[in-house]
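Colleague: Hello! I am new to this one, so could you show it to me and let me ask about the words you use?

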Amino acid sequence: MPQVDVTPLFPIPFMRVTELLPAALVRDCVEQLKASTTRTNAKSDLLSHTDIDGLEGSDLYPRIGALVAPHLAQFGELLFGEKLEWSIKEIWSNVLEPGGHQSVHAHSNSFISGIVYLTESDPSARTVFHRSLGGTEFVFSNDNPNAKMGPFNGNKWVSPQVLPGDMVLYPSYLLHEVPVNQGLQRMTIAFNAIPDRLDTWGYSIHFDSRRSERR
């Protein structure tokens, strides 16, 4: 009998961490966000953000950063094959009202991006990740009612359901969006992270996450 093996070449990692934040910290973050000044998103009047800042931007951010740190190291090892020192380069909070959405985008100048969920998300507003546009794949596709979509031919992937306190991590280059929120107000904290350095056969690049010295 012939044996058939299918190998998923060059997969993209996605990490979900459940119950990262304890319930008390989630409540504190929600209350602080409700009292914070936010800016309206350029593409949706029903989406707003706090200013992008470092961990020093809120007394709660360092506590979150400490909980996130070991998972950044683990996820970074999947991306680069080595346990590196990671730091959160920038962090901000988001409020998505009913009827609001977040357009397709990626995060520049970082390597790992993450989302911490402060409220329950309606199934309609789960984060959707997209296959990169204009890549080196087939120009033609086979997208019709008879085609069964899977990890090798699908163009987008809907993240799993999350609860308050959960976190997801993904490579910063990955395109993603939040469709129109058909549920209640959705609150999240987002961040970008960088390693201390990357070394390719002796050619080493070092990164500095200190924001205050660059202002």
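Modeller: Happily! Let us start with Val4, which is found in the segment before β1 (15-17); strands are DSSP runs of E with at least two residues, and helices are runs of H or I with at least four, numbered from the N terminus. This is a predicted model, where local features need pLDDT of at least 70, side-chain atom pairs count only at pLDDT 80 or more, and totals for chains, interfaces and linings use all residues. Residues are numbered from 1 along each chain as its sequence is written, and side-chain values use heavy atoms, leaving out hydrogens and water.

Colleague: Why is Val4 called exposed?

Modeller: Val4 has a relative accessible area of 69%. Exposed means over 50%, buried under 20% and partly exposed in between, with a 1.4 Å probe and protein chains only, so Val4 counts as exposed.

Colleague: What makes β6 and β11 paired strands?

Modeller: Two strands pair if DSSP finds at least two bridges between them. Six bridges join β6 (residues 112-117) to β11 (residues 186-195), so they pair, and they run antiparallel. One bridge partner pair is Val116 with Ile189 in β11.

Colleague: Do tell me about the sheet too: why do β1 and β2 stand at the edges?

Modeller: Seven strands form an open antiparallel sheet in the order β1-β9-β6-β11-β4-β3-β2. β1 and β2 (39-40) each have a single partner strand, so one side of each is left without a neighbour in the sheet.

Colleague: How do you know that β5 and β10 pair?

Modeller: β5 (residues 102-105) and β10 share two bridges in the antiparallel sense, so they meet the minimum of at least two. His105 stands opposite His176 in β10.
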